Amino acid sequence: MDIKSAEFARGITGTNKILEDNKSQIAFIGRSNVGKSSIINLLANRKNLVKSSSKPGKTRQINFFLINKKVYFVDLPGYGFMKMDLKRKEKIRKLIIWYLFRSEVEIDKVVFIVDAKTGPTDFDIEMLDLLKKSERKVIIVANKIDKLKKNDIRKQISKIEEITGYSKIIPFSVKKKKGKNELLDRIFNNIEKSKIF
Ligand SMILES: Nc1nc2c(ncn2[C@@H]2O[C@H](COP(=O)(O)OP(=O)(O)O)[C@@H](O)[C@H]2O)c(=O)[nH]1
Ligand SMILES: [Mg+2]
């Protein structure tokens with residue numbers, strides 16, 4: 001199930017023909033600094049496909065990465081960075097909502113990343129409720145479990161399941177390379193093999 005190739009395709013801030021080229025789209029969403037870029041890089045076996053930066057909130061467009069020449073990983077802008085001004089926050093929020101719910105796109109799956117230690121933010125919960133109502137297929141990833149004591153991981157995952165109302169949350173750590181295979185399996189199961197490889 002390993003990814004063989006990955007390349008940056010395009011960044012968009014509104015409607016674009018890339019949305020309609022009949023490839024599967026896997027959306028990645030999460031607040032700034034949660035480790036979204038690091039996770040996409042880990043899945044794609046690339047160090048710097050997506051720029052992972054110590055300055056959060058830098059990406060303000062929706063970035064499409066072509067995986068195996070067949071499927072897109074779609075990196076949504078990180079939201080909720082504290083130092084970002086309100087106008088900018090609102091712009092990003094609108095862009096995310098447009099892509100997830102109003103663009104004429106069939107999104108195959110949404111990989112929703114939350115921080116394992118701090119749990120979902122208010123915006124996370126709002127988005128997860130909307131995703132549930134729209135019956136999107138959502139995979140929740142709890143990243144940075146390396147920051148938790150071993151004994152607390154299960155407890156914290158259960159708590160996040162309770163808060164979000166979603167089950168089967170994947171405990172993940174980019175730092176310890178934990179959860180990678182499970183996440184790839186969950187992303188690609190139910191998608192026709194010929195659409196991926
Ligand atoms: N401890 C720990 N740090 C992580 C993990 N994943 C990412 N980070 C760090 O979190 C910071 C933000 O990561 P980045 O991928 O840029 O987050 P993004 O803003 O969501 O794209 C970076 O300093 C990463 O090295 C993890 O699993 N554990
Ligand atoms: Mg990022």
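Select Ser-5 to begin; in this predicted model, Ser-5 lies in the segment that precedes strand E1 (6-12). With a relative accessible area of 23%, Ser-5 is partly exposed, because the buried class requires under 20%. Display its surroundings, leaving out residues up to four places away in sequence, and the residues touched by Ser-5 are Leu-66, Ile-67, Asn-68 and Lys-69. For a sense of scale, add Met-84 to the selection: Ser-5 and Met-84 are separated by 79 residues in sequence and by 34 Å in space, C-alpha to C-alpha.

Next, select the principal nonpolar core. The largest nonpolar core has 39 residues, and those touching the most other members are Ile-29, Phe-64, Ile-96, Tyr-99, Leu-100 and Phe-112. Colouring by secondary structure shows where this core comes from: at least two residues each are supplied by strands E2 (25-30), E3 (62-67), E4 (71-75), E5 (109-115) and E6 (138-143), and by helices H2 (86-102), H3 (122-133) and H4 (153-164). Helix H2 gives the most to this core, with 6 residues. A second core lies apart from that one; it has 28 residues, including Ile-26, Ile-113, Ile-139 and Ile-191. As a general background, nonpolar side chains in soluble globular proteins tend to be buried together.

Return to Leu-100 and show its contacts. Leaving aside neighbours within four places in sequence, Leu-100 is in contact with Ala-27, Ile-29, Leu-76, Ile-107, Val-110, Leu-131 and Arg-136.

Now hide everything except H2 and H3. Their axes come within 11 Å and cross at roughly 20°. H2 is therefore roughly parallel to H3, the angle being under 35 degrees. The crossing of H2 and H3 is right-handed. To see the contact itself, select Arg-93, Ile-96, Ile-97, Leu-100 and Phe-101 on H2, together with Phe-123, Glu-126, Met-127, Leu-130 and Leu-131 on H3. By class, this contact between H2 and H3 holds 8 nonpolar, no polar and 2 charged residues. The spacing along each helix may be viewed with one rule in mind: an α-helix has 3.6 residues a turn, so residues three or four places apart point the same way.

Move to Asn-143, which lies in strand E6. Asn-143 counts as buried because its relative accessibility is 2%, against a limit of under 20%. Not counting residues up to four places away in sequence, Asn-143 touches Val-34, Gly-35, Ile-39, Ile-113, Val-114, Asp-115, Ala-116, Phe-172, Ser-173 and Val-174.

One of those contacts, Ile-39, leads to the next helix pair. Select helix H1 (residues 36-43) and helix H5 (residues 180-188); their axes come within 10 Å and cross at roughly 85°. H1 is therefore roughly perpendicular to H5, since the angle falls in the range 65 to 115. The contact is made by Ile-39, Leu-42 and Leu-43 of H1 with Lys-180, Leu-183, Leu-184 and Ile-187 of H5. By class, the contact of H1 with H5 has 6 nonpolar, no polar and 1 charged residues.

Finally, keep H5 on display. Buried residues in H5 are Lys-180, Leu-183, Leu-184, Arg-186, Ile-187 and Phe-188. Elements covering these buried residues include E2, H1, E4, E5, E6 and strand E7 (170-171). Conclude the tour at Asn-190, just after H5, where phi is positive at about 75°.

Terms used. Residues are numbered from 1 along each chain as its sequence is written. Chains are lettered from A and ligands numbered from 1 in the order in which they are written. This is a predicted model: local features need pLDDT of at least 70, side-chain atom pairs count only at pLDDT 80 or more; totals for chains, interfaces and linings use all residues. Side-chain values use heavy atoms; hydrogens and water are left out. A nonpolar core is a set of buried Ala, Val, Leu, Ile, Met, Phe, Trp, Tyr and Cys residues joined through side-chain atoms within 4.5 Å. Buried means under 20% relative accessible area, exposed over 50%, partly exposed in between (1.4 Å probe, protein chains only). Helices (H or I, at least four residues) and strands (E, at least two) are DSSP runs, numbered from the N terminus. Contact means heavy atoms within 4.5 Å. Axes are lines fitted to C-alpha atoms, for helices over the stretch in contact, and angles run from 0 to 180 degrees between N-to-C directions. Angles under 35 degrees count as roughly parallel, over 145 as roughly antiparallel, 65 to 115 as roughly perpendicular and the rest as oblique. A crossing is left-handed if the near helix is turned anticlockwise from the far one by less than a right angle, and right-handed if clockwise. Ala, Val, Leu, Ile, Met, Phe, Trp, Tyr, Cys and Pro count as nonpolar, Asp, Glu, Lys and Arg as charged, and the others, Gly among them, as polar.
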